[in-house]
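Hi,

Here is the structure I promised to pass on. Have a look at it first, and then read my notes below.

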Amino acid sequence: MLCEGSDVSTARRALINMRLIFERTPDITRPRTPGHTSRTARRLALLVAVATVPVLAVSPAAHAEDPAPTELVLPTPSQYVPVQDTLYAAGDTGYLHRRETTDGSTPTYQWHGYDGTERTVDDFTGKVPGQQGYYGAGTDVLPVPVGVSGVVELRDPATGESTQLTVPDGQSTVGSFGRTVLTVSFNEVWQVDKLHILRVQDGVTVDTPVDPPEGERFDRYPVVAGDGALAVVRFIHGRTLGILDLTSGTLTPVASRVSVDESWNIQAAVSPTHIAWYQQGMSTARVVRRDDPAGAQTSVAVPPSGADIPVVGLAGDWLLTTYRPAAPTEQNPPLRRGGPLKATPLAGGTPVTLLAAAQPDLFQVPGGGAITVGGADSGDWAVRRVEAGADGAPTLRTLSGVPSRPAAVRGIALSGGQLVTKEEDSAPRPAYLTRKVTLTGTPAAGPRTELTTAPLGDAYGQPLGAGDGSVVHVRHDDTTQRDILVRATPSGTRTEVVPFDRNTPSTTGRGLRDAAGRYAVYGSGDERAVVDFEAPGGGAVVQRLTTPAAALWGSKLWTTDGTWGQIEARDLTTGTVTSYSVGASCVIRDLQTVGRWVYWDCLGQDVIGGDPSTPFGVYDLQTGATITLPKRGELGDGFVVNHDTSAATLQLTDFHTGTATGPRTLTDLPAVPNWKNYDVDKFGGGVAWLDTTGRAHVVPSGVPAQPLTVTTADAPTAYIRTADATWNPAWRLSKPATAAHLVIKRKAKVLRTLDVTPAGAALTTRWDGTLADGTRVAAGTYPWELTAAPEDGTGTGITLTGSVTVTDGA
């Protein structure tokens with residue numbers, strides 16, 4: 001039977017496209033017809049929003065005769081790791097940097113003036129031809145190689161003025177400061193025997209050779225710090241450093257007082273008043289006055305940051321430290337923004353944290369202070385100057401903001417008003433981020449919080465909301481070769497269950513079908529497993545079915561016995577089975593359920609190549625009538641949503657009156673491969689999708705919702721009072737509630753009013769058997785009353801009553 005208004009040709013075309021996509025890899029599950037994929041696929045999407053960015057309320061596309069529901073638009077979250085803006089030099093008028101590009105192309109060297117100007121430095125390579133060293137730091141002049149001729153152009157990037165300097169034959173460049181180039185020459189066995197100061201005077205390169213102290217030999221790359229007036233150089237043996245006056249060529253040896261005789265891991269910093277150096281692995285840095293480098297040394301504690309390697313700098317009378325990340329010791333380590341930026345008084349004292357995170361780049365400004373890149377998070381990332389304030393304390397000044405990049409989000413779920421997204425790189429590890437969305441009145445979104453970590457990749461880990469704030473997903477255990485169902489709750493509880501104890505290919509992850517509260521359905525083909533995450537003794541499989549038709553509502557499992565047109569509801573707590581006939585002349589292979597509505601379909605979610613004209617519709621449990629639908633789709637409260645992948649539109653069909661209206665277009669929405677970019681909230685009536693720019697949209701259906709009801713209740717009638725135990729009742733609802741409170745009574749007198757916590761479409765509270773002042777109530781039986789109102793304002797509220805018997809334990 002072909003249902004009236006169904007678009008068979010569109011369905012056939014989309015079915016063929018879906019088949020081509022999913023047959024490329026082995027998959028234990030198969031999708032349904034267009035707009036009607038498995039419950040896992042129905043929960044998939046691209047991106048969602050950050051809490052700190054304002055949201056927009058706009059009107060989506062709709063029929064002219066229909067009032068347009070108000071829409072919530074949420075921007076894209078930012079990547080956890082900031083855009084890298086690498087520093088290379090700092091002068092008195094600006095700094096040299098390269099900012100990571102968003103398209104992966106090679107960034108260019110840019111000179112950023114402190115006045116805000118930005119100029120490209122053409123041909124700069126960070127070093128002169130074929131060499132390594134310390135170039136361009138501490139001045140406003142940069143060395144730019146001219147071909148391979150040994151000629152170096154000393155260019156002022158702010159003014160464009162330049163001077164050419166020729167490196168003599170037999171010398172290799174190892175550094176430059178302003179218009180001074182430092183080189184080394186070698187003896188007959190290719191050991192460094194001299195350091196050379198090169199300058200241009202009257203158009204001619206002048207060479208001032210510098211010999212090492214007696215008994216010492218320069219390191220092959222000797223320069224570790226400097227500015228236009230002096231340079232700090234190192235020798236083969238790290239016990240001694242040299243302070244080189246770039247004007248006179250005078251070299252002053254200084255005892256480094258390092259812990260090991262290694263020069264390669266010594267670093268240094270030069271300010272207008274001080275010289276500091278530090279050897280990797282030591283707990284202190286050494287500092288001397290610049291005007292008396294051979295004088296008294298001060299030992300300054302270097303604050304640690306785990307295993308990271310400190311990088312030192314100077315600002316006034318403070319030692320600065322950033323941190324170079326240590327090599328990771330685990331596979332797939334968490335993402336990092338960087339270590340903190342700290343300042344320690346040279347005279348001793350407690351370090352001060354200036355930035356929560358910073359890149360290890362730390363370059364001295366000749367006139368005082370240093371620049372680095374960092375901030376509180378990627379949205380606060382900037383190039384900043386650290387300098388001494390009027391009171392001598394270090395201060396920060398922002399020189400240039402570094403824009404963040406959008407994060408990659410690979411899954412979405414909307415359930416009980418909780419919007420959950422699987423985000424690859426907006427947190428240190430792939431994670432599920434959740435936020436409350438309210439669509440009544442002016443739409444609003446609450447703050448984003450991390451629920452739990454998520455698996456890598458698109459297929460595995462797609463989130464499915466269970467209506468009570470919990471999220472269910474599938475992960476693959478590569479060691480055991482098993483699919484594992486995972487449930488994470490708002491309280492932080494994480495429960496894992498293996499639905500089938502057999503090998504599973506690590507290429508799919510689409511077996512998750514439905515979830516409601518403590519239960520979930522998983523499987524493929526004609527095999528289904530029902531999992532109870534709160535079963536006694538821990539999560540467990542409580543039902544195994546040989547049918548593809550399985551859906552959950554409260555504690556009821558909706559399925560079929562294989563009889564044509566027959567469906568049944570199995571109570572998972574009592575075992576009671578109630579049968580219904582939808583009047584269809586076919587075997588039902590797929591079910592969805594929301595309260596009084598049961599969506600049935602004879603095509604089936606795992607059938608590829610089947611006849612899309614097979615019957616489908618909605619059965620009304622209140623009237624016993626079957627409602628004909630124009631298109632297959634995902635069931636909501638009184639409506640279905642169809643993603644027409646051929647037309648690239650998302651459409652809603654309202655059937656709550658018992659007769660389906662013509663589909664209403666919510667938005668243009670192209671299909672995405674392997675997963676869906678929209679979801680329907682069966683516990684709240686909202687619809688969410690993501691546009692091509694990465695913004696998340698949430699809109700009310702505009703269809704009147706069913707009255708607020710309790711789907712399952714867990715309110716123990718007995719409570720043994722001990723120091724660590726509380727009475728913890730919980731109720732799962734058909735939709736979110738508000739203004740909820742529970743009162744404890746004694747002979748009609750209210751003894752205690754308890755706060756009730758909403759989580760999605762669920763309510764929880766706790767009681768320790770005391771009055772508000774902490775006085776313990778006497779052992780006995782206490783009536784209670786719970787009241788709550790529907791959050792959407794549709795229908796009446798609920799009032800539940802019961803009692804709890806309090807006894808004292810050990």
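Among contacts between residues at least 6 apart in sequence, 50% join residues at least 24 apart. Please keep in mind that this is a predicted model. The protein chain has 67 strands and one helix. Of its 810 residues, 54% count as buried. The accessible surface comes to about 32,400 Å², and carbon and sulfur atoms account for 50% of that.

Now to the cores. The largest nonpolar core has 36 residues, and those touching the most other members are Leu 557, Trp 558, Leu 591, Trp 600, Val 618, Leu 635 and Phe 655. Two or more residues each come from strands E41 (519-524), E44 (551-553), E45 (556-559), E46 (566-571), E48, E49 and E50. E49 gives the largest share, four residues. In soluble globular proteins, nonpolar side chains tend to be buried together.

Trp 558 is a handy residue to centre your viewer on. Leaving aside neighbours within four places in sequence, Trp 558 is in contact with Ala 549, Ala 550, Ala 551, Trp 553, Ile 567, Glu 568, Ala 569, Tyr 580, Leu 591, Thr 593, Val 598 and Leu 621. Apart from the largest core lies another one, of 26 residues, including Leu 230, Val 258, Ala 268 and Met 282.

How many disulfides does a search of the whole structure find? There is one, and it joins Cys 586 to Cys 602 with an S to S distance of 1.8 Å. Cys 586 sits in the loop between strand E47 (577-581) and strand E48 (590-594), while Cys 602 is in the loop between strand E49 (597-601) and strand E50 (616-620). The two cysteines are 16 residues apart, and the pair links distant parts of the chain. The link is right-handed, with 50 degrees about the S-S bond. Are these cysteines buried or exposed? Both Cys 586 and Cys 602 are buried.

One last place to visit is Arg 290, in the loop between strand E21 (284-289) and strand E22 (298-301). The side chain of Arg 290 makes a polar contact of 2.7 Å with the side chain of Asp 227. Beyond neighbours within four places in sequence, Arg 290 is in contact with Asp 227, Ala 229, Leu 230, Val 270, Ser 271, Pro 272, Thr 273, His 274 and Ile 275. Of these contacts, Leu 230 is also a member of the core of 26 residues.

Best wishes

Definitions and conventions: Residues numbered from 1 in each chain as written. Predicted model: local features only at pLDDT ≥ 70, side-chain atom pairs only at ≥ 80, totals over all residues. Heavy atoms only, no water. Disulfide = S-S within 2.5 Å. Buried < 20%, exposed > 50% of the residue type's maximum accessible area, 1.4 Å probe, protein only. Core = buried A, V, L, I, M, F, W, Y, C linked by side-chain atoms within 4.5 Å. Contact = heavy atoms within 4.5 Å. Polar contact = N/O pair within 3.5 Å; in protein donor to acceptor, adjacent residues only side chain to side chain. Areas by Shrake-Rupley, 256 points an atom, 1.4 Å probe, with all protein chains shown as cover.
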